2 protein chains.
Amino acid sequence: MVVDQSLRDLSDAEIDRIFAALADATRRDILRQSMLHDQSVSELARNYAMSFAAVQKHVAVLERAQLVTKERRGREQIVHSNPAALRTAARLLDAYEALWRDRIHRIEAILDAETPQSGTDQGTQQ
Amino acid sequence: MVVDQSLRDLSDAEIDRIFAALADATRRDILRQSMLHDQSVSELARNYAMSFAAVQKHVAVLERAQLVTKERRGREQIVHSNPAALRTAARLLDAYEALWRDRIHRIEAILDAETPQSGTDQGTQQ
DNA sequence: CTAACCTACAACCAAATGGTTGTAGATCAG
DNA sequence: CTGATCTACAACCATTTGGTTGTAGGTTAG
């Protein structure tokens, strides 16, 4: 799958940017809003009790993390969400969870080796 | 499922802490190490080109995000990973992705309504 | 053209972050 | 007991972050 390859290509800095961008409730909401439907920066800004410039900065953070893209339309800048980056982050977390599952399996394997069954005993030390 | 409930219960601040904790390569590696097997803070610290105190702080960040827990064992503090918090984050990202899928479906529904079939042409203006 | 609107960006500020060093308390080994 | 080890925590520093206000330029409406 192509998804796996994109995971390999991710630099630490890129992953840093994605998670850092997600670590703010306002930005998560902006991302959510822009996933529901594309909106201009000023449309987005009206939803929040902060200045337009602050929202503009939040959008810039999401953009550097490639979670959204901007597209000029006349005097407006339309914010499009980019689900690919989001999916990348989700798959990365899945990979960490897989480590855990591997660990569980390793432990189970050890336990199996220590309690060799009832019949085929500890005779595999070659 | 219990997982869904835990998603509802998550405050913005808790989610902030989880993603912020993940937004640092050293912390992600500490998390990874502690998923492979439980280790003391000083064992973990030997892997990184920074002071023990710095690693201690990173572990504290992971702990506040509930991505790891610490357990005293004699003079050592053993770091255990907590896959539940990781899973929570992954499910949260899945929820965002679901928004996107809903949007696609909404658009498809609109397109279906506008092009009623291939046979019964543009005759639907009531 | 003029006014309103949308955006970009700089300058500034307070608070958080990521690192350091240093000090001190427990615990273990000999 | 003594010394080495593991941890906790404070103080400090540079940088980043999240907010503000202000200025300026491009675009649209009337």
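**Exercise 1. Classify D12(B), R28(A) and D16(B) as buried, partly exposed or exposed.**

*Solution.* Start with D12(B). Its relative accessible area is 46%, so D12(B) is partly exposed. The cut-offs: buried means under 20% relative accessible area, exposed means over 50%, and partly exposed lies in between (1.4 Å probe, protein chains only). Next, take R28(A). Its value is 3%, so R28(A) is buried. Finally, D16(B) has 22% relative accessibility and counts as partly exposed.

The model is predicted: local features need pLDDT of at least 70, side-chain atom pairs count only at pLDDT 80 or more, and totals for chains, interfaces and linings use all residues. Residues are numbered from 1 along each chain as its sequence is written, chains are lettered from A and ligands numbered from 1 in the order in which they are written, and side-chain values use heavy atoms, with hydrogens and water left out.

**Exercise 2. Find the salt bridges between R28(A) and two residues of chain B, and say why they join two chains.**

*Solution.* Recall the rule. A salt bridge is a side-chain nitrogen of Lys or Arg within 4 Å of a carboxyl oxygen of Asp or Glu. R28(A) and D12(B) form one, at 3.8 Å from N to O. R28(A) lies in helix α3 (residues 25-36) of chain A and D12(B) in helix α2 (residues 12-22) of chain B, so this pair joins two chains. Helices here are DSSP runs (H or I, at least four residues), strands are E runs of at least two, and both are numbered from the N terminus. R28(A) and D16(B) form another salt bridge, at 2.8 Å. D16(B) lies in helix α2 of chain B and R28(A) in helix α3 of chain A, so this pair also joins two chains.

**Exercise 3. Place the salt bridge of D94(A) and R91(A) in its helix, then in its network.**

*Solution.* The N to O distance is 2.4 Å. Both residues lie in helix α6 (residues 83-114) of chain A. They are three residues apart, about one turn of the helix. D94(A) is partly exposed, at 22%. Now widen the view. Shared partners link R87(A), R91(A), D94(A), E97(A), R87(B), R91(B), D94(B) and E97(B) into one network of salt bridges. Over all chains, the whole structure has 16 salt bridges.

**Exercise 4. Describe the protein surface around DNA strand D.**

*Solution.* Count the residues near the strand, meaning those with a heavy atom within 4 Å of it. There are 22, and the closest are S51(A), K57(A), H58(A), S42(B) and Q77(B). Sugar and phosphate make up 66% of the strand D atoms that come within 4 Å of the protein. Now check phosphate oxygens of strand D. A polar side-chain atom of R27(A) is 3.0 Å from one. For Q77(B), the distance is 2.3 Å.

**Exercise 5. Do the same for DNA strand C.**

*Solution.* Here 23 residues surround the strand, and S42(A), Q77(A), S51(B), K57(B) and H58(B) come nearest. Sugar and phosphate account for 65% of the strand C atoms within 4 Å of the protein. A side-chain N or O atom of Q77(A) is 2.2 Å from a phosphate oxygen of strand C. A polar side-chain atom of R27(B) lies 3.0 Å from a phosphate oxygen of this strand.

**Exercise 6. State the confidence for chain A.**

*Solution.* Use pLDDT, the predictor's confidence in each residue, from 0 to 100. The mean for chain A is 88, and 84% of its residues reach 70 or more. Over residues 1-5 of chain A, pLDDT stays under 50.

Methods. Contact = heavy atoms within 4.5 Å. Polar contact = N/O pair within 3.5 Å; in protein donor to acceptor, adjacent residues only side chain to side chain.
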